[in-house]
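Colleague: Got a minute to walk me through this one? I'd like to know how it's put together.

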Amino acid sequence: MAHRFFRDRSQAEEAAQETFLKAFAQLKSFEGRGSMEGWLTRIATNTCLNMLRSAKRRPEVVNADLSDDETEFLETVSSPVGAETLNAEQKVIAVDLAERLLETLSPEDRLALTMIDGEGASVNEVAEVTGWSESKVKVRAFRARKKAREALAKLLR
Amino acid sequence: MIMSARRALAGEDVRAPIRCNMNHITDILDNTPFADLAPGELSTIREHAAICVDCEQAFAAARLSSLLLQERVSQAAQDAASANPFFQTRVMAAWREQQAGSAWSLGRLWNATGALVASMAATTAALAVLMFVAPAPNTSDQQTAALAPYSAESVVLGADRDDNQLTNDQVISAIYDDDDEGK
C-alpha cells in the first residue's frame with residue numbers, strides 16, 4: 001500500500017511502520033465489523049495521505065527539465081507506432097517520469113489516479129479505502145487525469 | 001471520413017490539419033481510464049485524431065499517461081514484494097520504544113517538575129494554615145480587648161499607675177469617698 005504513494009523505499013517503510021504503530025495503538029477501537037485488512041488499509045491510506053500533505057509539491061514538469069534520454073523516450077512512445085512494451089531502460093525512465101508527474105498532483109488526486117488508472121481499481125473500491133463518497137472519487141480521478149494529460153501534452157509539443 | 005467529406009464540401013484542404021474547439025474527445029479521455037475505453041470510443045477518437053492536431057495530441061498524452069502509471073504501479077508491486085526482511089523486527093522495536101517512551105516521559109516530567117510541584121503544595125498548605133488556623137487567637141484577643149474596660153496602655157502601665165495619672169474627677173471622688181468613710 002505504502003509503495004503506491006512512495007517510490008523511495010525508506011519513505012514507504014516509514015509509512016508502513018507508522019501504520020502498524022497506529023494500528024497497535026488503536027487496536028481496541030477495531031470492532032471487527034469489517035475486515036482487518038480493510039481497517040489496516042484505511043489507516044495506511046490516511047497515514048500516507050498525511051505524509052504526502054506535509055511534503056512539498058513539485059512544480060509542473062517542463063521540457064527544460066527533461067534529460068535527452070527522457071525526450072527520446074517521449075518521442076518514441078508517443079509516435080503512432082510507439083512500442084507497446086518497454087525495455088528495461090525505458091521502464092526506468094517511465095517510472096521516473098510517472099513519479100515526477102504524480103508529485104505535481106495533490107495527494108488525493110494522486111491516490112485516485114494511481115488506484116483507478118494505474119491499478120485498475122473501481123470507483124467503489126477507492127471509496128471504500130479512503131472513506132470518500134463515490135462522486136468525490138470520480139471528481140478526483142477526472143481532475144487528476146485531466147491534469148496529467150495536459151502536463152504530458154505540453155511535453156509532447 | 002465524415003469530417004473529411006464535410007471539409008471537402010466546404011472547399012477546405014482535407015489534408016491540412018484542423019484544430020477543433022470541441023471538447024468531446026478530451027471529455028471522453030478525462031472521464032474514463034484509458035485502459036477502460038470501449039472499442040467504439042477508441043475508434044471514434046482515432047478517427048477524429050487523424051485529422052485534428054489537438055485531439056491527436058490529447059490522445060497521445062492520455063495513452064502515455066496510462067502507460068507511465070501502469071509502469072509505476074508495476075514497479076511499486078515489485079518493490080513491495082521485495083520488502084525489507086527486518087521490517088517486522090523494526091516495527092516491534094519501534095512499538096516497544098514507544099511504549100517505554102510514554103512511561104519514561106512521565107517519570108522524566110516528574111523529575112523535572114517534582115520539586116517545584118512539592119514546594120508549591122507546601123506553600124499552599126502553609127498559607128491555608130495561616131489563613132484558617134492562626135488568625136483564630138487574634139480574633140479572641142481583639143474581642144477580649146473590646147470587652148475589657150482597659151486600654152492596651154492601661155494593661156501595660158496599669159500596675160505602675162500612680163496618682164499623678166488620675167483625672168481630676170477621680171481625685172475628687174476619691175477625696176469625698178474618703179471623707180464619707182471617715183464620717
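Colleague: In what order do the elements of chain B run from the N terminus on?

Modeller: Going from the N terminus, chain B reads α-α-α-α-α-α-α-α. That's eight helices and zero strands. Keep in mind that this is a predicted model.

Colleague: Fine. And what's the pattern along chain A?

Modeller: Chain A reads α-α-α-α-α-α-α-α along its sequence, with eight helices and zero strands.

Colleague: How much of each chain is buried?

Modeller: In chain A, 30% of the 157 residues are buried. For chain B, buried residues come to 15% of 183.

Colleague: What about long-range contacts in chain A?

Modeller: Take the contacts in chain A between residues at least 6 apart in sequence: 65% of those join residues at least 24 apart. In chain B, pairs 24 or more positions apart make up 60% of the contacts with a separation of 6 or more.

Colleague: OK, switching to the interface. How many residues does each chain put into the contact?

Modeller: Chain A brings 35 residues and chain B brings 32 residues. On the chain A side, the helices that each supply at least two residues are H1 (2-5), H2 (9-25), H4 (68-78), H5 (88-102), H6 (107-118) and H8 (134-156).

Colleague: Which of them gives the most?

Modeller: H8(A), with eight residues on the side of chain A that touches chain B. By class, that side has 18 nonpolar, six polar and eleven charged residues.

Colleague: Can we zoom in on one helix pair? At what angle do H5(A) and H4(B) pack?

Modeller: About 100 degrees, and their axes are 8 Å apart. H5(A) and H4(B) are therefore roughly perpendicular to each other.

Colleague: Which residues meet there?

Modeller: From H5(A) you have Lys91(A), Ala94(A), Val95(A), Leu97(A), Ala98(A), Glu99(A) and Leu101(A). Facing them from H4(B) are Leu67(B), Leu68(B), Leu69(B), Glu71(B), Arg72(B) and Gln75(B). The residues of that contact split into eight nonpolar, one polar and four charged.

Colleague: And inside chain B, how do H3(B) and H4(B) cross?

Modeller: At roughly 135 degrees, with the axes of H3 (residues 39-49) and H4 of chain B coming within 8 Å. That angle makes H3(B) oblique to H4(B).

Colleague: Who makes that contact?

Modeller: Ile45(B), His48(B) and Ala49(B) on H3(B), with Cys55(B), Glu56(B) and Phe59(B) on H4(B). By class, the contact of H3(B) with H4(B) has four nonpolar residues, one polar and one charged.

Colleague: Now the cores. How many residues are in the largest nonpolar one?

Modeller: It has 42 residues, and those with the most contacts inside it are Ala112(A), Leu113(A), Ala58(B) and Leu68(B). H4, H5, H6 and H8 of chain A each supply at least two residues of this core, as do H2 (24-31) and H4 (53-81) of chain B. H4(B) gives the most to this core, with twelve residues.

Colleague: What does Ala58(B) touch, leaving aside neighbours within four places in sequence?

Modeller: On chain A, Ala58(B) is in contact with Arg149(A) and Ala153(A). From chain B, its contacts are Ile25(B), Thr26(B) and Leu29(B).

Colleague: What lies apart from that largest core?

Modeller: Another core, of ten residues, including Phe5(A), Phe6(A), Phe20(A) and Ala44(A).

Technical notes. Residues numbered from 1 in each chain as written. Chains lettered and ligands numbered in written order. Predicted model: local features only at pLDDT ≥ 70, side-chain atom pairs only at ≥ 80, totals over all residues. Contact = placed C-beta atoms within 7 Å. Helix = DSSP H or I, 4+ residues; strand = E, 2+ residues; numbered from the N terminus. Nonpolar A, V, L, I, M, F, W, Y, C, P; charged D, E, K, R; others polar. Core = buried A, V, L, I, M, F, W, Y, C linked by C-beta atoms within 7 Å. Buried ≥ 20, exposed ≤ 12 C-beta atoms within 10 Å, placed from the backbone. Axes fitted to C-alpha atoms, helices over the stretch in contact; angles between N-to-C directions. Parallel < 35°, antiparallel > 145°, perpendicular 65-115°, else oblique.
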